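This report describes a predicted model. Please look at the structure before reading on.

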Amino acid sequence: MTTIVARDSIRAPQRAGDRIFSTATVVAGSLILAVLAAVAAFLLMQSLPAFVATPADFNGDATNFWAYVWPLAFGTLWSALLALLIAIPLAIGIALFISHYAPRRLSQGLGYIIDLLAAVPSVVFGLWGIGVLAPLLQPFYTSLVEWFGWIPLFAGPVSGTGRTILTVSIVLAVMVLPIITAICREIFLQTPVLYEEASLALGATRWEMIAMAVLPFGRSGIISASMLGLGRALGETMAVAMVLSPSPQVIFQLLTSQNPTTIAANIALNFPEAHGTGVNILLATGLVLFVITLAVNMVARVIINRRKAFSGAN
Amino acid sequence: MSTTTVAAPLPNSLTAGKLPKHSSPVVLLASWLVTAAVFLIVQLSSAGTSFNVAGTLFFGTVLYCVAIYLLSYFVEGVRKAKDRLVTALVTAAFVIALLPLISLVATTVINGLPAFLTPTFFTSSQRNVVGAGGGALHAVIGTLFITGLATLISVPIGLLSAIYLTEYGRGRLARAITFFVDVMTGIPSIVAGLFAFALFSLLFNDPGIRFGFGGAISLSVLMIPVVVRSSEEMLKLVPNELREAAYALGVPKWLTILKVVLPTSLAGIVTGIMISISRVIGETAPLLIISGFTASMNYNLFSERMMTLPVFVYTQYANQGTDTQAYLDRAWAGALTLILIVMLLNALARLIAKLFSPKLGR
């Protein structure tokens, strides 16, 4: 015979403290979502006048908002791309050095040292870029233009100050290096030890072990780390604003004194003096930057989360 | 009649050639010396140029990569050669990353010390100062006020959200918060400043609004996700047995969190908060936009422009007066102060994490 069990489970008494506390945490959590929505909403609201601005409102010879923002968006993407081209191979090398080459005892300390780079404020990077790096690179640029000027990227006339988009990209690369390195390092350390030991036992050299076991395992991690670095490079402001000598146009040459500037740097340089519709225009360019970085970051996070699901990491 | 065929001797990989143990450092030293000799000849042939140390090290290292590859290729075979080449490249990548850090810290200390050590640097503002002299007191005060207020806003929100994510959060809302917190860590700092400006200029209907409180709000936007992420990690480390033991004793959930979970993870949470402070204390762009810059003291967060250290560094550099050197000196001194604060916060955070973290037996 089956007995029917009454299904009223024992319920804990609802305490006032519990209810207040859990409500507070839900409110705080939702507030974060609200803030993100508010960032988008207020920026959009304030930038509406920019989309209908007349040619007189723009400094330079742009006639509408999109013509104004296009060279800036190009400069933003171009400098970030160059920075990543420099930073990714270096970061993978550093992460491999820390995770697989350096003595185990040293590796954590070495990781801290690279993290210190992330702690340096961007304005200090700006000072360093213009005070140390640009003068250091200038003679090198001169000879580069002399010898390789026939390659369109390195075409002259060479900048006399070294404040070119290549210098900016090198500074940006140094700034995004710690982010990419940190994530790559974590991923490389998560490689199953059995894979590594198996390939070493089959007679692989250390590099063959890395190429066969570590890098394939970490590929998606490297991609998402690079995208997070890209997000950081796109939004970096002060280093670009201080180092670059800007001219708002689409130029691919790396070493001339005519350089495309970035959205963020353009805002920082022009905002203190802007007034009227000029403020709205700068806010609208900020909105464009926000949308670009948001998209990049969301794609990166989706890749990271998908990988988390099947690797069993965490 | 059976024919015996003599097999050709197989190359035995176990007895293949091997470079002597210390060949790598010797080859490295040799290639540096060779490059140094070449550069010395170049220097002697063209008078007036100084010896190129950076070039020597760079081209010497390149020469080493080629030399060790070829040497290993002919003695040990192609696989070992590749391995040695990659080892050289990976180590070089690490050293290259160290160079900017060393150069940056060294330049800041050397250029910043003179103005940093002048007695007025921490006792006076820039008010009515045209040439040399004056100080950064107004900027230090502004940084402390704005960052302090940002911390006061972000820590409760961030900590409560982290508690929600670890202790309560299930389902869609929790997943959305986790995802967007991660996305928010990537918001460019200047966008946070623009947001604060857009918000307050609309609220107060003032198209040229500048005040310290807005700076604190924009820094909070940047700080909250960092606090959430680090606190969440720390709360996850608290063993479930502790929670279950508390429930078994009849302790309500909220008291369990307050009296058991939080104290256990307190050291880690404090570490995370300090690191997040060090992350935002150097932010320039948002403060430049919403807090503005001034040469005078301002103790009121809610009215008038307020100077902060990063903006001080930037404006000293960007608006150099007639006595250029004095402005540059102050900029470097401000940068030195910033780096010292950030390093101090980081070191303190690591110390707290090391001294007070619970021993979880792992």
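The text below takes up the annotated spans, then the contact between the chains, then two helix pairs.

**Annotated spans**

For chain A, an unreviewed UniProt entry lists "transmembrane region" at residues 20–45, 65–98, 110–134, 140–158, 165–189 and 281–304. For chain B, the same feature name comes from an unreviewed UniProt entry, at residues 26–45, 51–74, 86–117, 137–165, 177–203, 209–228, 260–281 and 331–353. UniProt also places "domain: ABC transmembrane type-1" (unreviewed entry) at residues 73–300 of chain A and at residues 140–349 of chain B.

The table gives the computed secondary structure and end-to-end separation for some of these spans.

| Span | Helix | Strand | Distance between end C-alpha atoms |
|---|---|---|---|
| Chain A, residues 110–134 | 92% | 0% | 28 Å |
| Chain A, residues 165–189 | 100% | 0% | 35 Å |
| Chain A, residues 73–300 | 76% | 0% | 20 Å |
| Chain B, residues 137–165 | 100% | 0% | 41 Å |
| Chain B, residues 209–228 | 85% | 0% | 30 Å |
| Chain B, residues 140–349 | 78% | 0% | 21 Å |

A separate assignment divides chain B into domain 1, residues 22–108, and domain 2, residues 121–356. The C-alpha centres of domain 1 and domain 2 of chain B are 42 Å apart.

**Contact between the chains**

On the chain B side, 71 residues are in contact with 66 residues of chain A. Helix H3 of chain B (residues 78–116) gives the most to the chain B side, with 19 residues. By class, that side of chain B has 53 nonpolar, 12 polar and six charged residues.

One helix pair that joins the two chains is H1 (residues 16–51) of chain A with H5 (residues 171–184) of chain B; their axes come within 10 Å and cross at roughly 50°. H1(A) and H5(B) are therefore oblique to each other. Their crossing is left-handed. From H1(A), the residues that meet H5(B) are A:Gly29, A:Ile32, A:Leu33 and A:Leu36. H5(B) brings B:Leu173, B:Ala176, B:Ile177, B:Phe180, B:Val181 and B:Met184 to this contact. Sorted by class, the residues of the contact of H1(A) with H5(B) are nine nonpolar, one polar and no charged.

**A helix pair within chain B**

How do H7(B) and H9(B) lie to each other, roughly parallel or roughly antiparallel? The axes of H7 (residues 212–237) and H9 (residues 253–280) of chain B come within 8 Å and cross at roughly 150°. H7(B) and H9(B) are therefore roughly antiparallel to each other. The crossing of H7(B) and H9(B) is right-handed. H7(B) contributes B:Leu219, B:Leu222, B:Met223, B:Val226, B:Val227, B:Ser230, B:Ser231, B:Met234, B:Leu235 and B:Leu237 to the contact. From H9(B) come B:Val261, B:Ser265, B:Gly268, B:Ile269, B:Gly272, B:Ile273, B:Ile275, B:Ser276, B:Arg279 and B:Val280. The contact of H7(B) with H9(B) divides into 13 nonpolar residues, six polar and one charged.

Technical notes:
Residues numbered from 1 in each chain as written. Chains lettered and ligands numbered in written order. Predicted model: local features only at pLDDT ≥ 70, side-chain atom pairs only at ≥ 80, totals over all residues. UniProt positions renumbered as here; feature names shortened; annotations may be inferred. Helix = DSSP H or I, 4+ residues; strand = E, 2+ residues; numbered from the N terminus. Axes fitted to C-alpha atoms, helices over the stretch in contact; angles between N-to-C directions. Parallel < 35°, antiparallel > 145°, perpendicular 65-115°, else oblique. Left-handed = near helix turned anticlockwise from the far one by under 90°. Contact = placed C-beta atoms within 7 Å. Nonpolar A, V, L, I, M, F, W, Y, C, P; charged D, E, K, R; others polar. Domains from an automatic or database assignment.
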